[in-house]
Structures are given as C-alpha cells and as structure tokens.
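This briefing is meant to be read beside the sequence and the model. It takes up the protein–DNA contacts and then the pairing of the chains.

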Protein chains: 4
Amino acid sequence: MKPGTGESPNAARRSDTSRRAILRAAFDLAGEVGYGRLSIEGIAARAGVGKQTIYRWWPSKGAVLFDAFLLLAEDSGGSPALPDSGDLEADLVAVLRATVDELNDPRYDAPMRALNTEITHDPELARLYSERLDEPMRALKKDRLRSAQRIGELPADLDLDVAVDLIWGPLMNRWMLRSGGLTGDFAERIVAAALDGLRRR
Amino acid sequence: MKPGTGESPNAARRSDTSRRAILRAAFDLAGEVGYGRLSIEGIAARAGVGKQTIYRWWPSKGAVLFDAFLLLAEDSGGSPALPDSGDLEADLVAVLRATVDELNDPRYDAPMRALNTEITHDPELARLYSERLDEPMRALKKDRLRSAQRIGELPADLDLDVAVDLIWGPLMNRWMLRSGGLTGDFAERIVAAALDGLRRR
Amino acid sequence: MKPGTGESPNAARRSDTSRRAILRAAFDLAGEVGYGRLSIEGIAARAGVGKQTIYRWWPSKGAVLFDAFLLLAEDSGGSPALPDSGDLEADLVAVLRATVDELNDPRYDAPMRALNTEITHDPELARLYSERLDEPMRALKKDRLRSAQRIGELPADLDLDVAVDLIWGPLMNRWMLRSGGLTGDFAERIVAAALDGLRRR
Amino acid sequence: MKPGTGESPNAARRSDTSRRAILRAAFDLAGEVGYGRLSIEGIAARAGVGKQTIYRWWPSKGAVLFDAFLLLAEDSGGSPALPDSGDLEADLVAVLRATVDELNDPRYDAPMRALNTEITHDPELARLYSERLDEPMRALKKDRLRSAQRIGELPADLDLDVAVDLIWGPLMNRWMLRSGGLTGDFAERIVAAALDGLRRR
DNA sequence: ATGTAATCGAGACGGTACGTCCAGTCTTGAC
DNA sequence: GTCAAGACTGGACGTACCGTCTCGATTACAT
C-alpha cells in the first residue's frame, strides 16, 4: 500500500529510509511530548532528516501523523477479522475490551489523540482517514455483524453503519472527552445496552 | 456564576468589561479563523486588551475557550429541561435533531471543535468541562430518562449514564471525525436503535 | 548620539543592554566568521537575544553592522583631528600609514569588508554611511588641508573633496580589491604623487 | 582563452553550450535581481542546466561571475589600447568619462558590484581577477603612460603602478561607496589633480 | 559499430538561515 | 492592583538555497 496523502514530486526517487524514519519519529514524538509540543522541526530532527523532506512529501503535520498510523497498520500486517465464536455479545465485549486496553495504553493514547485532533480540524484528512483507516476497520466490524444476521442473531434489515456507530461511538466519545472511566465494565454495559436496547420490553 | 477556572489574583478589581470582551473575542475568533490560527495574541488584539490580562486570569488558551462557552451558557439563561411529551423517542429525536442543526452551523461548529481539542489534550480542562458543562446537561438528559422510567417506558434499573452515552455518543463521535453525514435521519436511526436494541427479538 | 538607522517602534522602552550586545556580537562575528557566514541568527545567538529584537530595530544585516561601527566610533570618543605639524606631507603619510596598519589588522579588516559590501549593495545604507561616518571623517581631513592652505602649502582654490578622494581613494581601492600590497611604502608614494602630481615639471 | 578558474574534470567533453548559457545567465541575473538574490540555483534554472554542471566546473558563485566577465571581455574582442592623441590629459579624461558612463549604466553596474563583492571576500578570486582582468587593463594603461614618458610629458622614473592607482583609484572608490556623484566633471578634476598635484607650486 | 565512461538535465537529500508569528514573562505609565 | 501597551527571550513556522548525491539519457571516445 502506498502512503496515503498523494505524492506530487518525483516519487520514484523518494528515499524510503527517510520516509520510514519520519513516520516513526512522528509517532514516537506524539507519544512522548504530546500533541502540543509535536513539531515538524522536532520530527525532522528526531528522524535525522531535513525539514524540506517532510514538506516535500506531506502537506501538513496531520498528514504525516496519518501516514504514521497507516505504516503501523501495514507493518502489523493489516487488521485481522473480528473473532466469531457464534456469540455476538461475547465477541463484541472481547473486542471492545481490547480497544479499551489500547486506549488506556499511553503509548497509543497520545498519538491517537494527536491524529484525532488533526482529523477534527482538517476535512480532507478526515476523508482520507475515513477511506484508508476507518472504512477497512468498519468493513471488518460489519462482516461480524453480517455473520450474526446470517444465524438470525441480528435482524436482516439492520442498518449496519448505524449499528457500528451505536456500538463503537459511545466508547470513542468517552475516551476523547474523558467524560467517564474507560473500563472493560463500561464496554460490557455498552454492548449489552446496544444489543438489547434501552426500552423496557 | 464565576469564571470556571479558578482565580488567584484580586478578583474584586477585575474588569468585567475586559473579561467579557476576551471571551467574546475568543469564541468569535475560534469560529472565524479556526483552531489552528487561534492565538492568545489574536484574542487580546481583538478584545482590545493587553495580553497580560489574559495570562493573569486564565492558565491556558483552552481555559479561555471553556469560559467563553460557560458565558454563552449563562447568557442564554442556562439550559432548559428536555421536552417531555410523554413519548420518549419523539422527544429524543427532536433534541438530537436540534443538536445536529447546531453542529452543522459553522458559527458553532468551529468553536466547539476548538474547545473539544483543548479538552482532549488537557485532562484538567476535561475535568472542569465535565463538571461545569457536561454534568449539568447530562443531569437534564437523565431527568428526561427518569421521567420515562416513571411511566414504565424505560426499565427502572437502567444505568442512566450508559443510556446517555449510548444515545449521544454516536452522534458526537460522527461529528468529530466526520465519519459520515450528520443528518436528522441519522439522529432518528440512532435513537430508534438505542431504544429498541440491535438484536432481533 | 542615537543609533543611525531610524527607529519606528516605541524607542523609549528599548533595551540598551540588548542593543549593545547585538552590535558587539555583529562586529565580533563579522571579524571571526567573515561576511559569508555572518547571519542574523548567529548575531542573535551570540548576543543572547531573540531574533525579533534585531528585526524590530534594524531593517537589514547591513544596518546592524553600520550601527556597530557607529557605536565603536562613539565609544572611542569620536575621531580626533588629524595631526598638524606644519608639514602636510609628513602628516598625511603618518595618517595613511596608520590606516594601512588598521586595514592590515584582521580584527578590523573583516568587519570593514562586511560593512563595505553592505554599503555597496544598499544605496540607503550608503547614504547613511556617507552622512554619519564618512562626512565627519572627511571634515577632519579637509580641516587639515585647509590648515595647509592657510600657510600657503596648498592653493587657496583647491577643490578639497577632490583632494581627499585623490589621497585616500587609491588606498581604499587597493585594499578592497587586493590589487597590490598594502604597505606604508605604498601610502608614502601615493601621498607624494598626489601632492606633487604625476606630470613632469 | 580558457575559463579562468582551473578545470579538473575531463574538459574535452565539456558542453560549451551549457558553459555559455551559465555565464550569460549569471551576468544577466546579477543585473536583474542584484547580488543578494543571485543564487546558483537561480543561475542553473535560468540557464536550463543542472546544478551539478555548475558545481562541476566552478568552485564558487564568484568564480562563475568572474568567468562571465572574462567571457564578456573575450567576446568583445579583448580591450583595445587606450587612445593616444599626444595629449595625455585629454586622453585620460576621455577614458575616465567612458568608464563613468559604464559605471552609471545599471546594465553593468549591478554585475560589477556583484563581482567586486566576491573579490572582496575571496582572496583566491582576487588573485585571479588581478591576473586575468586587472593586469591586462593595467598594462594598457601603463602603455599609455609610457608613451607619455617617451615624449617627456611624464618623468621617466615615475612609478607607473602608483600612477595608475592615483588616476583610477579615486573613481572606483567613489563608485563603490557612492560617496559622491559619479560624473564626467569629477573624472576631469581627478585627472587634472593627479597630473598637476595638489601642492601649490 | 559498439561498448564504455564522462557529462548532461533533473531533482531528492541533510542542512543552514531566512523573516514572521506567537508563547509566555516582564516593565511602564495611566487610572 | 489592574489595565492597555508593548519589548523581551525563545522557538516553530514554511521557504529558499546550499553543496552533495543519484538517476537515466545522451554523447563522444577508444576499441
């Protein structure tokens, strides 16, 4: 897979060593110094690279960060399918618990916040993010839901996009705004509520 | 109500004119120039105020922005209770549709993104936000849900915090990440799904 | 005497410590690293000053250098009158020999070359230089020549500006272009030739 | 005649088209954008040439500029002898007036200032300049003075180098520093003063 | 005529410095 | 003591060039 942000200059001559050093430095620095102190200058220095090499290939700090996540996804061999034990609720709880653990790991929390911030303020980046990172993940999630539809656990006419948002939205929102503890228990409750609904029956 | 961010100097002598000018300028500038170009210097210049007056009373740009929202909430007379027609679903859809409209209004969208960004990267500010803005709103939301419990529309043992997150989380998450169209229709689907659950019954 | 390059901002609040540190650093660096490596950034670093403080008060690197020479002239109490022993030729030779020694001193050679280069390419700076440094020196030179006129050593109708150029011009030109050795002997010959003329009599 | 700056690589394969384009571009750009904005990159672009082609054949920007003047001198068929009407003063005035006109022509003024600046800061280039451009000119000037010696207009034991410096030095110095108007009248006065001497007789 | 070696235009690279903007601190004089 | 004003050190911005390097593609020489 190619870097996500479009390449105008003579990409054939591009130094892959520098590219990787930059993305690595961007991700690491985001984790170490935080979003506020994350600078192009710092990334260039850490990567042992001229600033121009960054400006030549990326339009913004956010684009670098985005590619850093993209590289991470590639290097980790892409995302595997969600577990499918036949019990949707158990599988979802397992996945969300893992997500909670990741979000609570400062090694990942800080860079993700940095990327999310950039996405928030850059619609073009948001589009790229949606297309390159969110959609593939969303597809895997929908696959699992479709499997549940197949065995009759979920209704056949369910709007899968709404379903995904209903399950993952509350978690991500609570993480971003720190509006409450981000625990496995919370994940469990959200899954249960999403599946069974709030309404009395 | 006093500004939200703790005040050490002699607050008695504080100029309310300057305070309001600063908060007004902060909110307006956030909307006009966006988060990236929002600067203390710019706020001071727009408010016709010395920079020191800002640094004297607020610890960070985010704190100013936070107080700007607080002022807005005060000036608009605080938040009224959620509508209670006896039909929970209809009321929630109405409220979420209004929220959608607000989030789609660039006049509010930009400052809210700016504030959210600051909250994301500043746990102390997140605490304040939670306490001063989110909790009061959340209380009103819970009041409406409790009313539904009283008439048996919702189960008595429902975890109201989870319920609120389930209803509002997907909306806010989609708004922040622009991961899909933010429409009244989406609001409607989310409410329906949240109330009835995804699971086939 | 005030700095030579016009001051627009609120000069009353100007830090004299920083001003002097900058001018000192500029002069010293010009001598140490040479014109080619003389940078605003380097001056600021050496002076322990923000770059903006230089940009706030001087329009160009040349203007800083110019003020550095101006400060030097002030601090050394201004230029004293040329010696007047009654023997014009001897006095001129003495003065030009001293000039030769100064021009051969690397401590002064490099900064002067730097300043001359800036003057060469900046007419406004050339005007300032002429007015603030060259003219006062030229006045002293003319005074000495006038004294010689008074005792009949020089004709009363002599064009003193041409005379000064004739005496000092060859020396400065040879220095700048290194078109020959810059020695006391050369100074002597120039003075003799200028006074007696080339023509056979 | 070969370019003035020594050539190590295989000069036989050198592209004369590129060489001329570079020198032409250097001279023209010096005149158009001035010394401060004259860059190797700009010369290469203007000449339609790779940067390496410049770095391969010249050690510095000044060397390129120097060769540009050398090419100019070659192309204009070298310098002709100075006029010799039998009246030294008249001939010198004519020559210096022509020089004044050239120095006042912005087409030549700017590149010459650029070259002089490089010479000022590069002793090796100064040596080359002296050897390749100044000496040949100086030889012509001395020839004219020798002719005057032959007819007894100038003393036989005159130091011709001092004489040349005395006549041309004041003019060049005034030009470089803009320390006064550069007019034909000034040239005339200098010639008269240089020939007759300042001293009363 | 054909290999081979150097030059060519092009342009990416690690860097330095530019001139600007802003952060956050400090000082001044008016109130 | 607070205020508007604004100078101060410091540091990042995004740009322009530096001088080096590598890439194919000519191009001219020696076989």
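**Protein–DNA contacts and chain pairing**

An N or O atom in the side chain of Ser18(C) lies 2.8 Å from a phosphate oxygen of DNA strand F. This contact, like everything below, comes from a predicted model. The points that follow treat DNA strand F, then DNA strand E, and afterwards the two chain pairs.

**DNA strand F**

- A polar backbone atom of Ile40(A) is 2.8 Å from a phosphate oxygen of DNA strand F, and in chain D an N or O atom in the side chain of Tyr55(D) is 2.9 Å from a phosphate oxygen of this strand.
- Residues are supplied, two or more from each element, by helix 2 (40–47) and helix 3 of chain A, by helix 3 of chain B, by helix 3 of chain C, and by helix 2 (40–47) and helix 3 of chain D.
- In total 40 residues surround DNA strand F, and the closest of them are Lys51(A), Thr53(C), Trp57(C), Lys51(D) and Gln52(D).
- Of the atoms of DNA strand F that come within 4 Å of the protein, 63% belong to sugar and phosphate.
- The surface near DNA strand F is made up of 10 nonpolar, 16 polar and 14 charged residues.

**DNA strand E**

- DNA strand E is likewise surrounded by 40 residues, the closest being Trp57(A), Gln52(B), Ile40(C), Glu41(C) and Tyr55(C).
- Sugar and phosphate make up 59% of the atoms of DNA strand E that come within 4 Å of the protein.
- Contacts to phosphate oxygens of DNA strand E include one from a backbone N or O atom of Asn10(A), at 3.1 Å, and one from a polar side-chain atom of Arg56(D), also at 3.1 Å.
- A base nitrogen of DNA strand E is reached as well, since an N or O atom in the side chain of Gln52(C) lies 3.2 Å from it.
- The elements that each supply at least two residues of the surface near DNA strand E are helix 3 (51–57) of chain A, helix 2 (40–47) and helix 3 (51–57) of chain B, helix 2 (40–47) and helix 3 (51–57) of chain C, and helix 3 (51–57) of chain D.
- By class, the residues near DNA strand E divide into 10 nonpolar, 18 polar and 12 charged.

**Chain A with chain B**

- The contact between these chains involves 46 residues from chain A and 46 residues from chain B, and together the two chains bury about 4300 Å², of which 59% is on carbon and sulfur atoms.
- On the side of chain A, the residues that lose the most area to chain B are Leu177(A), Leu198(A) and Arg199(A), which together account for 19% of what that side buries.
- There are 8 salt bridges between chain A and chain B, one of them joining Arg199(B) to Glu89(A) with the closest N and O atoms 2.8 Å apart.
- The count of residue pairs in polar contact between chain A and chain B is 20.
- Helix 6 (106–121), helix 7 (123–150), helix 8 (160–177) and helix 9 (184–196) of chain A each supply at least two residues of the side that touches chain B, and the largest share, 12 residues, comes from helix 8 of chain A.
- The side of chain A that touches chain B contains 22 nonpolar, 9 polar and 15 charged residues.

**Chain C with chain D**

- A turn of 180° with a shift of 0.0 Å along the axis lays chain C on chain D with an RMSD of 0.2 Å, which is therefore the relation of a two-fold axis.
- In chain C, the C-alpha nearest the axis belongs to Gly197(C), at 1.6 Å from it.
- The copies meet through the same surface, because 100% of the interface residues of chain C are also interface residues in chain D.
- Here 46 residues of chain C are in contact with 46 residues of chain D, and the buried area between the two chains is about 4300 Å², 59% of it on carbon and sulfur atoms.
- The residues of chain C that lose the most area to chain D are Leu177(C), Leu198(C) and Arg199(C), together 19% of what that side buries.
- Across the interface of chain C and chain D there are 8 salt bridges, including one between Asp165(C) and Arg174(D) in which the closest N and O atoms are 3.0 Å apart.

Note on methods. Residues are numbered from 1 along each chain as its sequence is written. Chains are lettered from A and ligands numbered from 1 in the order in which they are written. This is a predicted model: local features need pLDDT of at least 70, side-chain atom pairs count only at pLDDT 80 or more; totals for chains, interfaces and linings use all residues. Side-chain values use heavy atoms; hydrogens and water are left out. Contact means heavy atoms within 4.5 Å. Buried area is the accessible area (1.4 Å probe) that two parts lose on being put together, summed over both. A salt bridge is a side-chain nitrogen of Lys or Arg within 4 Å of a carboxyl oxygen of Asp or Glu. A polar contact is a pair of N or O atoms within 3.5 Å; within protein, one must be able to donate a hydrogen and the other to accept it, and residues adjacent in sequence count only if both atoms are side-chain atoms. Helices (H or I, at least four residues) and strands (E, at least two) are DSSP runs, numbered from the N terminus. Ala, Val, Leu, Ile, Met, Phe, Trp, Tyr, Cys and Pro count as nonpolar, Asp, Glu, Lys and Arg as charged, and the others, Gly among them, as polar. A residue is near a molecule or strand if one of its heavy atoms lies within 4 Å of it. Copies are superposed by least squares on the C-alpha atoms of residues with pLDDT of at least 70 in both.
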